[in-house]
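I opened this entry to record what I looked up around the ligand, in the nonpolar core and in the helix packing.

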Amino acid sequence: MGQSMSLKLGSTVGLFLLFTSGLVLAHQHREYDPKVLSHGQQMFQSHCAICHGMQAQGTVEDWTQKDQDGRYPPPPLNGTAHTWHHSVTSLVRTIKNGTQVIGGSMPAWKDELSDEEILSIILWLSSLWPEEIYQAWMQVNLKNNP
Ligand code: HEC
């Protein structure tokens, strides 16, 4: 019942349900479907790498230093900055809406990328993170998606 309902919703809600259970599984095994990962990597490298680096390592020396306009540069997303402080839900929101609406310079992606594409990018990113960071992120997610 629960499953057919989430399939019928076929929307973000359904996806989040699936994704959340995926995360709980990942919490135990940290195994990802290699197809999803390579899709996420491809999407990231064609849309995001120009600002965040091909391996999400960042493109500036110090991502904590604002530029002359008072804006933050693109941070690394490979586990060396603070991306893991944000739950999946909040990362999806940032990627969809960008940060220009709140005075930053990250473009919005909601018209370019589907929810699946955004989620596969996030999964690929999290696959780069050291175990310790990943587990800390799981705690953040479990708090946000009980
Ligand atoms: C034009 C440059 C640019 C592109 C392209 C870009 N970003 Fe960003 N991104 C930024 C900047 C700058 C920030 C820092 C936030 C701000 O603007 O204050 C950021 C922040 C983020 C954050 C928040 C990180 C954190 O630790 O809080 C995430 C997640 C993110 N970007 C993901 C992506 C993804 C995924 C893509 C591709 C779909 C992408 N970005 C494409 C510039 C970019």
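I am working from a predicted model, and I began with the surroundings of the ligand, where 25 residues lie around it and Cys-48, Cys-51, Thr-99, Gly-104 and Met-106 come nearest. I then sorted the shell by residue class and found 15 nonpolar, nine polar and one charged. Looking for the helices behind this shell, I noted that helix 4 (49-52) and helix 5 (88-97) each supply at least two of its residues.

Next I turned to the largest nonpolar core, which has 17 residues, and I listed Phe-44, Ile-118, Ile-121, Ile-122 and Leu-125 as those with the most contacts inside it. Helix 3, helix 5 and helix 6 each supply at least two residues of this core, and helix 6 gives the most, with seven residues. I followed up Ile-118 and, leaving out residues up to four places away in sequence, found that it touches Val-92, Ile-95, Lys-96, Trp-109 and Leu-113.

Last, I looked at how helix 3 (residues 34-47) packs with helix 6 (residues 115-127): the angle is about 100 degrees and the axes are 7 Å apart. Because angles from 65 to 115 degrees count as roughly perpendicular, I entered helix 3 as roughly perpendicular to helix 6. On the helix 3 side I wrote down Val-36, Leu-37, His-39, Gly-40, Gln-41, Met-43 and Phe-44 as making the contact, and on the helix 6 side Glu-117, Ser-120, Ile-121, Leu-123, Trp-124 and Ser-127. By class, the residues of this contact divide into seven nonpolar, five polar and one charged.

Technical notes: Residues are numbered from 1 along each chain as its sequence is written. This is a predicted model: local features need pLDDT of at least 70, side-chain atom pairs count only at pLDDT 80 or more; totals for chains, interfaces and linings use all residues. Axes are lines fitted to C-alpha atoms, for helices over the stretch in contact, and angles run from 0 to 180 degrees between N-to-C directions. Helices (H or I, at least four residues) and strands (E, at least two) are DSSP runs, numbered from the N terminus. Angles under 35 degrees count as roughly parallel, over 145 as roughly antiparallel, 65 to 115 as roughly perpendicular and the rest as oblique. Two residues are in contact if their C-beta atoms, placed from the backbone, lie within 7 Å. Ala, Val, Leu, Ile, Met, Phe, Trp, Tyr, Cys and Pro count as nonpolar, Asp, Glu, Lys and Arg as charged, and the others, Gly among them, as polar. A residue is near a molecule or strand if its C-beta atom, placed from the backbone, lies within 6 Å of it. A nonpolar core is a set of buried Ala, Val, Leu, Ile, Met, Phe, Trp, Tyr and Cys residues joined through C-beta atoms within 7 Å. A residue is buried if 20 or more other C-beta atoms lie within 10 Å of its own, exposed if 12 or fewer, and partly exposed in between; C-beta atoms are placed from the backbone.
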